[in-house]
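Q: I would like a close look at one part of this model, followed by a connected walk through the features around it. Please go slowly, since I am new to reading structures.

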Amino acid sequence: MRLVPDPTYTRTRVRSDALSVPSLEAYATGPDGAERVAPIGMEPLVVGTSPDCDLTLEDAHVSRKHCSLAIDEAGVLLRDLGSKNGTFVGDVQVREALLVPGLVARLGQWRLVVRVTGAPHEMALSRSARFGEAVGGTVVMRALFARLEAAAATEETVLLVGESGTGKELLARAIHDVSSRRGGPFVVFDCSAVAPTLVESELFGFVRGAFTGAERDRPGIFEQAHGGTLFLDEVGELPIDLQPKLLRALEARQTRRVGANAWQPFDARIVAATHRDLLARTKSGTFRQDLYYRLAVLEARVPPLRERRDDIELLVERFLAAREPPLTVHDLPPGSLDMLRTHDWPGNVRELRNALARMVVFQEIAGTTLDAPGAGGPDALLRLPLREARQQVVERFEQAYVAAQLRACGGNVTRAAEAAGVSRQFLHRLIERYRTRGGDDED
């Protein structure tokens, strides 16, 4: 449910290149007279009992992450985050509401209001609904694009923070492509995809004989990115014992291969990304504070898809247009867009892309299964007992589905199994059963 009271003083005002953002704060009062205050911005302000929240309340009836507040084009959006005891505006329990000055939200025994603290401030907006391969026409994405456009014109280190699947690598690539380093290499290093014992040799390289199996010299990724951009993905997963070495490399702009004595300078722009709250991890001791500040020279939050649902149609159009042959939203089953808009997308844009691919595959299968060679059409099935007819349809569906999923995944069985939500062993059994050629079976 969404309540829409008068949004005076809390609305953003959008121009072609800028956004007028009101200066607001969340003010909470407890039963014992306790007060809590935090500024409200475009990024969600999380309220709850967890110390990781932006506004922490002590109350047994308040959930760890109870609700959030954020400024959007309509006003201050209050969103319940699946709390156990609910969020109330007046006597009405709400999932979403626009909270304006004078309207009180209740969380457990706490009262939460919005207060105006000063004059509005300006926030730059990109004039474009895309940045490289990333697309987004919502205010929050155009604000992000404007920030990254400005960052790309510098040599400063950029830290992209956002949930998995939000497109951080696409944005890093776009920063590189519009920067002065676009003629150099764009090198990706995923800190979460390498065994901890191998991270150092991958980062910095090694010389022959440095360890068992080091049969030749090998440059590290810093050397490989010389003259271009190095993208350190999931930097929050870097082992704590290697963090000082990364910090030293970033500060000194030089590295030393494992087993070598000489230091080698490098010239690469650093863009890092993480789905972790690195500032919270510095407090818990799992991430070095000095490394965090060295990486977060320019920090940008990449919003999850559920915070920019108005971009879903734009993303769907882009993914469909990229298919072979190209499709449009009119090729989807009726009501598809409405269904896609209502989902929360915990896997974000990556999940949307995969769901759309499955939707198209199912659409294709539905149109071809009964008309496949030897099927005889629906009339032929009606001449069979129900059990036999059902078995034939299931077998044809499975065969067509496996073939279509493999085509969509370029013949890669592992990816096809992940997309289908089954184990690779199970998919292999289906392939063998229907004698479907699976193509390349490498990860």
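Is Glu234 buried or exposed, and what is its relative accessible area?

A: This is a predicted model, and what follows describes that model. Glu234 is buried, because its relative accessible area of 9% falls under the 20% cut-off for that class. The residue is found in the loop between β20 and α5, the latter covering residues 243–252. Its backbone also deserves attention, since phi of Glu234 is near 50°, which is a positive value in a residue other than glycine.

Another residue with a positive phi can be set beside it: Arg253, where phi is near 55° and the residue is again not glycine. Arg253 is found in the loop between α5 and β21, a strand of residues 254–255. With 27% relative accessibility, Arg253 counts as partly exposed, whereas Glu234 is buried.

The strand β20, which comes at one end of the loop that holds Glu234, also takes part in an aromatic pair. A pair of aromatic rings is described by the distance of the centres and the angle of the planes. By the rule used here, the count comes to six aromatic pairs. In one of them, the ring centres of Phe186 and Phe231 are 6.3 Å apart and the planes meet at 15°, so this pair is stacked. Phe231 lies in β20 (residues 229–233) and Phe186 in strand β17 (residues 186–190), so the pair ties together parts that are 45 residues apart in sequence. Both of these phenylalanines, Phe186 and Phe231, are buried.

A stacked pair is also formed by Phe204 and Phe222, with 5.8 Å from centre to centre and 10° between the planes. Here Phe204 belongs to helix α3 (residues 196–204) and Phe222 to helix α4 (residues 221–224), so the contact ties together parts that are 18 residues apart in sequence. Phe204 and Phe222 are buried as well, and together with Phe266 they form one aromatic cluster.

Aromatic rings also meet charged side chains in this model. Arg106 lies over the face of Phe88, at 4.7 Å from the ring centre, and Arg115 lies over the face of Tyr27, at 3.8 Å from the ring centre.

Turning to the cysteines, a search of the whole structure finds zero disulfides. Cys53, for example, is in no disulfide, and the nearest cysteine sulfur, that of Cys67, is 8.9 Å away. Cys53 counts as buried at 8% relative accessibility, and Cys191 counts as buried at 4%.

Further along the chain, the backbone has a feature of another kind, for a cis peptide bond joins Glu324 and Pro325, with omega at about 0°. Pro325 lies in the loop between α8 and α9, the latter being residues 336–342.

The helix α8 leads on to the second largest pocket, because α8 (312–321) is among the elements that each supply at least two residues of its lining. This pocket has a volume of about 870 Å³. Of the 36 residues that line it, the closest to its centre are Phe319, Val349, Arg350, Arg353 and Asn354. The helix α10 gives the most to this lining, with seven residues. By residue type, the lining of the second largest pocket divides into 16 nonpolar, six polar and 14 charged residues.

Key. Residues are numbered from 1 along each chain as its sequence is written. This is a predicted model: local features need pLDDT of at least 70, side-chain atom pairs count only at pLDDT 80 or more; totals for chains, interfaces and linings use all residues. Side-chain values use heavy atoms; hydrogens and water are left out. On a 1 Å grid over the protein atoms alone, a cavity is a set of points where a 1.4 Å probe fits but cannot get out, and a pocket is an open set with protein on both sides within 12 Å along at least five of seven lines; lining residues have an atom within 4 Å of a point. Grid points are joined across faces, edges and corners, and a volume is the space filled by probe spheres set on the points. Helices (H or I, at least four residues) and strands (E, at least two) are DSSP runs, numbered from the N terminus. Ala, Val, Leu, Ile, Met, Phe, Trp, Tyr, Cys and Pro count as nonpolar, Asp, Glu, Lys and Arg as charged, and the others, Gly among them, as polar. Rings of Phe, Tyr and Trp (its six-membered ring) pair if their centres lie within 6.5 Å; planes under 30 degrees apart count as stacked, over 60 as edge-to-face and the rest as tilted. Buried means under 20% relative accessible area, exposed over 50%, partly exposed in between (1.4 Å probe, protein chains only). A charge sits over a ring if NZ of Lys or CZ of Arg is within 6 Å of the ring centre and within 35 degrees of the ring normal. A disulfide is a pair of cysteine sulfur atoms within 2.5 Å.
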